[in-house]
Amino acid sequence: VKAAHPGEPVTDYGDATILPGLMDMHTHFGYYYSQPDLFNYDDYMIAYYALNEAHRALRRGITTIRDVSSPSGLLKQLRLAGEKGFVTVPRIIHTDTGMCMTGGHGHDDGIVEVDGVDEIRKEIRKQRRDGADWIKVLTSNREPVPEFTQEELDAAADECRRRGIKCAVHAGLQPAIQMCIDAGFTSIEHGMLMDDECVELMAQHGTYLVPTIIAAKAIVDNGVSGGMAPWLVEKAQLVLSGHKENLRKCREAGVPIAFGTDAGTCYNYHGAQT
């Protein structure tokens, strides 16, 4: 290379390895909910917090992120600030807040609550209008009962296809995972406890899996010392074991897999995964 480009400057980094920028396809720059002094977190503090998390990720070599739920408008404006040169941040793709059913998973973390086909279609249109690059739907919590109906999930995936936007779905347990594959979402987020049929169908349809194993591991490693209830830590251990096994099956079956950390969740800090 030097012979072909005489006179060009050369920097020798010794034993270091230069890699392309890493991409974290499931993160939450605006998830400040585990902070001990939540009463201090108004809109200004949340923005400073998100900027700090962006810097932490960037310092670890993560140059592109997909934020899959933060306070509405936060990532849109953080990206704009980066484009204007006010701050230095990774390349940002985001879903805005996402949506869940009334009382569903994430409703107490600012996720928009919607019910029924018409409300879902309208909310997708609103979030797209307000700058969302992707749409996120949440349809399972910590029990096997799906939160949205098949009709609602079908409508969400259909509206996204109709509008030419990709859609991600938070689904960790059966039968919610199966329902989401049938609906035709672009990616399944988490997918911890899927069965073999789901693995085969995801491979056939080209449905992406974005596993977030590090989130469960963070609870297993730090939950007890952090004061979390022992039964929750034990549950996280079971989830972690199942998650690892299903990830192995997905890799062997040829399911497309994207790297995601779920950073911003309990004990799972930005920049600590690489």
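## Briefing: local features of a predicted model

Y267 sits in the segment that follows α8, the helix spanning residues 230-253. The model is predicted. The points below cover backbone geometry, the helix α2, the residue F29, a nonpolar surface patch and the cysteines.

**Backbone geometry**

- Although Y267 is not a glycine, its phi is positive, at about 60°.
- Y267 has a relative accessibility of 19%, and because the cut-off for buried is under 20%, Y267 counts as buried.
- S69 is also a residue other than glycine with a positive phi, here near 130°.
- The loop between β2 and α2 holds S69, and S69 is buried at a relative accessible area of 2%.
- G85, located just after α2, has a positive phi of about 85°.
- The peptide bond joining Q174 and P175 is cis, with omega at about 0°.
- P175 belongs to the loop between β7 (167-171) and α5 (176-183).

**Helix α2**

- Helix α2 covers residues 74-83, and its buried residues are L74, L75, L78, R79 and A81.
- These residues lie on the same side of α2, because the arc they cover around the axis is only 155°.
- Three elements pack against the buried residues of α2: the helix α1 (43-59) and the strands β2 (62-67) and β3 (91-94).

**F29 and its surroundings**

- F29 is placed in the loop between β1 (22-27) and α1.
- Is F29 buried or exposed? F29 is buried, and its relative accessible area is 0%.
- Leaving out residues up to four places away in sequence, F29 touches Y49, A50, E53, A54, A57, I65, D67, S70, L75, L78, P90 and H270.
- Two of these contacts, L75 and L78, are among the buried residues of α2.
- F29 and L75 are 46 residues apart along the chain, while their C-alpha atoms are separated by 7.9 Å.

**Nonpolar surface patch**

- Y44, M45 and Y48 make a nonpolar surface patch of about 400 Å².
- Y48 is part of helix α1.
- The relative accessibility of Y48 is 58%, and Y48 therefore counts as exposed, the cut-off being over 50%.

**Cysteines**

- How many disulfides does the model have? The count comes to 0.
- C180 takes part in no disulfide, and the nearest cysteine sulfur to it, that of C198, is 9.4 Å away.
- A disulfide needs a pair of cysteine sulfur atoms within 2.5 Å, so the 9.4 Å separation of C180 and C198 does not qualify.
- C180 is buried, with a relative accessible area of 0%.
- C250 is likewise in no disulfide; the nearest cysteine sulfur to C250 belongs to C198, at 9.1 Å.
- C250 is buried as well, and the value for its relative accessible area is 0%.

Note on methods. Residues numbered from 1 in each chain as written. Predicted model: local features only at pLDDT ≥ 70, side-chain atom pairs only at ≥ 80, totals over all residues. Heavy atoms only, no water. Buried < 20%, exposed > 50% of the residue type's maximum accessible area, 1.4 Å probe, protein only. Helix = DSSP H or I, 4+ residues; strand = E, 2+ residues; numbered from the N terminus. Arc of directions from axis to C-beta. Contact = heavy atoms within 4.5 Å. Patch = residues over 30% accessible without salt bridge, like charges linked within 9 Å, V, L, I, M, F, W, Y side chains within 5 Å. Areas by Shrake-Rupley, 256 points an atom, 1.4 Å probe, with all protein chains shown as cover. Salt bridge = Lys/Arg side-chain N within 4 Å of Asp/Glu carboxyl O.
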